[in-house]
Amino acid sequence: MASGFFAILDDIGALMDDIAVTSKLATKKTAGILGDDLAVNAEKATGFLSSREIPVLWAITKGSFINKLIIIPIIFLLKWLYEPAITYILVLGGIYLAYEGVEKIIEFLFHRNKKGHEVVEESSLPEEDENSEKSKISSAIKTDFILSLEIVIIALGTVIEKQHPLLTQILSVSFVAIIATIGVYGIVALIVRMDDAGFFLMKKSGNKGFFSGLGQVLIKALPIVIKILGVVGTIALLLVSGEIFLHNIDYIHHLLPENIFSKFGLGIVFGLVAVLLATVGKKIISAVKPTKK
């Protein structure tokens, strides 16, 4: 009986060792997408009132965990039932990311600057602020879903290559997904609270010395970091989507070389088509929809 108990412990130890090794390999392969994930989500988690930053970020983080809770069993089920479906889902997700990236560029290029009284009117409507916050959270969670899907699929591809048993595959992919969520949103939380950390350092040092200077640097750096993240996040959306198209559409895979220009160009082209179709679709719906009397 004792020998049986130790055999079980030995099996558990071997399983944990397999999971550790496989998770390490999968994390390395997903490092690039995690960097893009960080840039995209940091950009989406900023632009709120200071008092709302952490609640908003927590709402997005919970949404990210739920996304992965949905994605992992579905991906394993599809792998068993009909593996090509994973590719179709990835391509559709890539179209959504490309749409978001191009939409941001169009908004930046053609956005009409609002006059002072318009900004005051908008800021005086708390209901609109609340709806805007919910809309941004919803958009962030949708984007996270696509990025999470790619992370899970890349991690799954790594464990399949090593021909590990199903249990090891499930536990390894789940571990990578959890670490990715904690890591990405933990860093995002640090970024969005840079100014608070700066004020804290200045207060504690009595506005004197090295720590006071460091606090001022953090406060002044935050708007710059946010602007940079906005640009990097948009580029990341286009690059990630372009990479999805390049790797999962055979015609494109054989037609174009695998480099940053191909990925970015594909993201722009697919994004422009998606924006055009969405705009035409909205106009058709609005024309067909009966007007309220």
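So, a residue counts as buried here when its relative accessible area is under 20%. Keep that cut-off in mind, because Ile244, with a relative accessible area of 1%, is buried by that rule. I'll come back to Ile244 in a bit.

Before that, the overall picture. What you have in front of you is a predicted model. The protein has 11 helices and 0 strands. Reading from the N terminus on, the elements go α-α-α-α-α-α-α-α-α-α-α. There are 293 residues, and 36% of them count as buried. And if you look at contacts with a separation of 6 or more, 80% come from residues 24 or more positions apart.

Now, what does the record say? The UniProt entry, which is unreviewed, carries the annotation "transmembrane region" for residues 56–78, 84–102, 166–192, 213–240 and 260–280. Let me put two of those spans against the model. Residues 84–102 are 100% helix and 0% strand, and their end C-alpha atoms lie 28 Å apart. Residues 166–192 are also 100% helix and 0% strand, with the end C-alpha atoms 39 Å apart.

Okay, on to packing. Two packed helices are described by the angle between their axes and the distance between the axes. I have three pairs to show you.

Pair one is helix 8, residues 194–204, with helix 9, residues 209–248. Their axes are 7 Å apart, and the packing angle is about 160°. Angles over 145 degrees count as roughly antiparallel, so helix 8 is roughly antiparallel to helix 9. The crossing of helix 8 past helix 9 is left-handed. Who is in that contact? From helix 8 you get Met194, Asp195, Ala197, Gly198, Phe199, Leu201 and Met202. On the helix 9 side, the residues include Phe211, Ser212, Leu214, Gly215, Leu218 and Ile219. By class, the contact of helix 8 with helix 9 comes to 12 nonpolar, 4 polar and 1 charged.

Let me stop at one of those residues, Ser212, which sits in helix 9. Is Ser212 buried or exposed? Ser212 is buried, because its relative accessible area is 2%. Leaving out neighbours within four places in sequence, Ser212 is in contact with Met202, Ser205 and Asn207. Ser212 and Gly198 are 14 residues apart along the chain, and their C-alpha atoms are separated by 7.9 Å.

Pair two: helix 4, residues 84–110, and helix 11, residues 260–288. The axes come within 7 Å and cross at roughly 80°. That makes helix 4 roughly perpendicular to helix 11. Helix 4 brings Ile95, Ala98, Tyr99, Val102, Glu103, Ile105 and Ile106. Helix 11 answers with residues including Gly267, Phe270, Leu272, Val275 and Lys282. The class split for the contact of helix 4 with helix 11 is 12 nonpolar, 2 polar and 2 charged.

While we're on helix 4, have a look at Ala85, which lies there. Ala85 counts as buried, because its relative accessibility is 14%. C-alpha to C-alpha, Ala85 and Ile75 are 9.1 Å apart in space, and 10 residues apart in sequence.

Pair three is helix 9 with helix 11. The axes of helix 9 and helix 11 come within 7 Å and cross at roughly 100°. That makes helix 9 roughly perpendicular to helix 11. Among the helix 9 residues in the contact are Ile235, Leu238, Leu239, Ser241 and Glu243. They are joined on the helix 11 side by Ile260, Lys263, Phe264, Leu266, Gly267, Ile268 and Phe270. That contact has 10 nonpolar, 3 polar and 2 charged residues.

And that brings me back to Ile244, which lies in helix 9. Which residues does Ile244 touch, not counting those up to four places away in sequence? The list is Leu90, Val91, Gly94, Leu97, Glu150 and Ile249. Ile244 and Lys263 are 8.5 Å apart in space, C-alpha to C-alpha, with their positions 19 residues apart in sequence counted as separation.

To wrap up: this predicted model has 11 helices and 0 strands. Helix 8 is roughly antiparallel to helix 9, while helix 11 has helix 4 roughly perpendicular to it and helix 9 roughly perpendicular to it. That's what I have, thanks.

Definitions and conventions
Residues are numbered from 1 along each chain as its sequence is written. This is a predicted model: local features need pLDDT of at least 70, side-chain atom pairs count only at pLDDT 80 or more; totals for chains, interfaces and linings use all residues. Side-chain values use heavy atoms; hydrogens and water are left out. Axes are lines fitted to C-alpha atoms, for helices over the stretch in contact, and angles run from 0 to 180 degrees between N-to-C directions. Helices (H or I, at least four residues) and strands (E, at least two) are DSSP runs, numbered from the N terminus. Angles under 35 degrees count as roughly parallel, over 145 as roughly antiparallel, 65 to 115 as roughly perpendicular and the rest as oblique. A crossing is left-handed if the near helix is turned anticlockwise from the far one by less than a right angle, and right-handed if clockwise. Contact means heavy atoms within 4.5 Å. Ala, Val, Leu, Ile, Met, Phe, Trp, Tyr, Cys and Pro count as nonpolar, Asp, Glu, Lys and Arg as charged, and the others, Gly among them, as polar. UniProt positions are given in the numbering used here, feature names are shortened, and annotations may be inferred rather than shown by experiment. Buried means under 20% relative accessible area, exposed over 50%, partly exposed in between (1.4 Å probe, protein chains only).
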